[in-house]
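Here's a quick tour of a few spots worth a look. Have the model open and follow along.

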Amino acid sequence: MQRPRALSEVSWDQLQAMSLAEKALSFQKNGRLFHVLIAQQFDRRQLEELGATATRVRQIAKSKAGMDFLRAQLSHKTAMLYFTQPSSRTFLSFHSACQMLGMKTVEVRDTATSSEVKGETQEDSVRTFSSFSDVIVMRSAVGGLAEKMAWVLSNAERPVPIVNAGSGKDQHPTQALLDIYTLQRSFERRGGIDRKTIVFVGDLLRGRTVRSLSQLLTKFEGVKQYFIAPEPLQIGKDILDLLRASGSDFEVGADFEKVMPEADAIYMTRIQDEWDEQKGDSRKIDISRFSLAAEHLKRLKPHAVILHPLPRRQEIAVEVDHDPRAVYWRQVRNGMWIRVALLTFIFDCADSIREFHGA
Ligand code: NCD
């Protein structure tokens, strides 16, 4: 096989022409995780190891001695949190994850307070940030921006890793990691994620979390995916093509009630109306059949789980929160643990976590 090409060795156009598998290799450094840009770059072994590390960290963090140990791990590192698109959970969980490992954080949450208002390009801004940090976690409304920045930095003096914390309508890989971790824990005593049926509901066209998670689910055996959405908001053809290419089992439809009894997990999403071409466009779409009400709960399997990346609107009735199958508030906390695990992979200290846990 050809030697994998590093990001610094390829032009932007060559990078765009690469297969996902080739791209994934170019995001590594010395055969290890470096940039975190797309969900497809993770393989099953990494997903299992990340989950196991997250669980070790959550157990270690219970004691003061454990927290002191964790805080010493990356006390020599600084993270730049560049979040120019609204965020509550992703921002707070990355912030908490950094703190748990003793990292210092610097933040940009609004380009109005950075030199971008003086006309500086995002490329130059990110290059500047790389001078003051050891990792850049970035959320942006621009699709593919994190990947572009990783490529730009690969030829800079200080090529630090970029972590995509949500890019436009295309990808949200770390949300997909926490969703997988939540599913791993939910199905721990029921054979894991293999052969489970996952039903995605809502705005699947513009929901980046669904696009990333549906790709990670292809890393497991015999998973069936349903995409249930009003026709104008149905999942993109690009994702369905990738599912076909990986031999995955899926169905596209609009009858939520019909598939409810089959689901092992239901993944609800809100209407992403901030992407409407004309403000208010998606209000014209009838979404009444794409929500989960208390009366639906009796249709679900006794062990089914209900997920949501949050924030929610009316697509899950608040009464559903009391059902033990609702795990979306657990997902929020899992987001912190999995992001700690991810940082220990990037900075190569997952082994010391394992040793401390085993001691
Ligand atoms: C999601 C996002 O930003 O894509 N939120 C999150 O990160 N948990 C989902 C959304 O905004 O609907």
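## The loop after S9

Let's start with Pro311, which is found in the loop between strand S9 (305-307) and helix H12 (328-346). Keep in mind that this is a predicted model. The peptide bond running from Leu310 to Pro311 is cis, with omega near 5°.

Leu310 lies in that loop between S9 and H12 too, and its backbone deserves a glance: phi is positive, about 60°, although Leu310 is not a glycine. Is Leu310 buried or exposed? With a relative accessible area of 10%, and the cut-off for buried being under 20%, Leu310 counts as buried.

## A positive phi at Asp348

Asp348 sits in the loop between H12 and helix H13 (350-358). Asp348 is not a glycine, yet has a positive phi of about 55°.

## The parallel sheet

Now for the strands. An open sheet is built from 4 strands in the order S2-S1-S3-S4, and the pairing is parallel. Strand S2 (104-108) and strand S4 (162-167) stand at the edges, each with a single partner strand, so each has one side without a neighbour in the sheet. On average, neighbouring strands here are turned by 15° against each other, ignoring direction.

Strand S1 (residues 78-83) pairs with S2 in the parallel sense over 5 bridges. Which residue of S2 is the bridge partner of Met80? That would be Val106. Helix H5 (residues 89-100) lies across S1, S2, strand S3 (135-140) and S4, and runs at about 175° to S1.

## H6 against H7

Next, a helix pair. Helix H6 (residues 122-132) and helix H7 (residues 145-154) pack at an angle of about 60°, their axes 10 Å apart. On the H6 side, the contact is made by Gln122, Glu123, Val126, Arg127 and Ser130; H7 brings Leu145, Lys148, Met149, Val152 and Leu153. By character, the contact residues split into 5 nonpolar, 2 polar and 3 charged. As for handedness, H6 and H7 cross in the right-handed sense.

## H8, mostly tucked away

Finally, helix H8 (residues 173-186). At 1.5 Å a residue, its 14 residues should span 20 Å, and the end C-alpha atoms are indeed 20 Å apart, so the two agree.

How many of the 14 residues of H8 are buried? The count is 12, so H8 is largely enclosed by the rest of the structure. The buried residues include Pro173, Leu177, Leu178, Ile180 and Leu183, along with Gln175, Asp179 and Gln184.

Note on methods
Residues are numbered from 1 along each chain as its sequence is written. This is a predicted model: local features need pLDDT of at least 70, side-chain atom pairs count only at pLDDT 80 or more; totals for chains, interfaces and linings use all residues. Side-chain values use heavy atoms; hydrogens and water are left out. Axes are lines fitted to C-alpha atoms, for helices over the stretch in contact, and angles run from 0 to 180 degrees between N-to-C directions. Helices (H or I, at least four residues) and strands (E, at least two) are DSSP runs, numbered from the N terminus. A crossing is left-handed if the near helix is turned anticlockwise from the far one by less than a right angle, and right-handed if clockwise. Contact means heavy atoms within 4.5 Å. Ala, Val, Leu, Ile, Met, Phe, Trp, Tyr, Cys and Pro count as nonpolar, Asp, Glu, Lys and Arg as charged, and the others, Gly among them, as polar. Buried means under 20% relative accessible area, exposed over 50%, partly exposed in between (1.4 Å probe, protein chains only). The expected span of a helix is 1.5 Å times one less than its number of residues. Two strands pair if DSSP finds at least two bridges between them.
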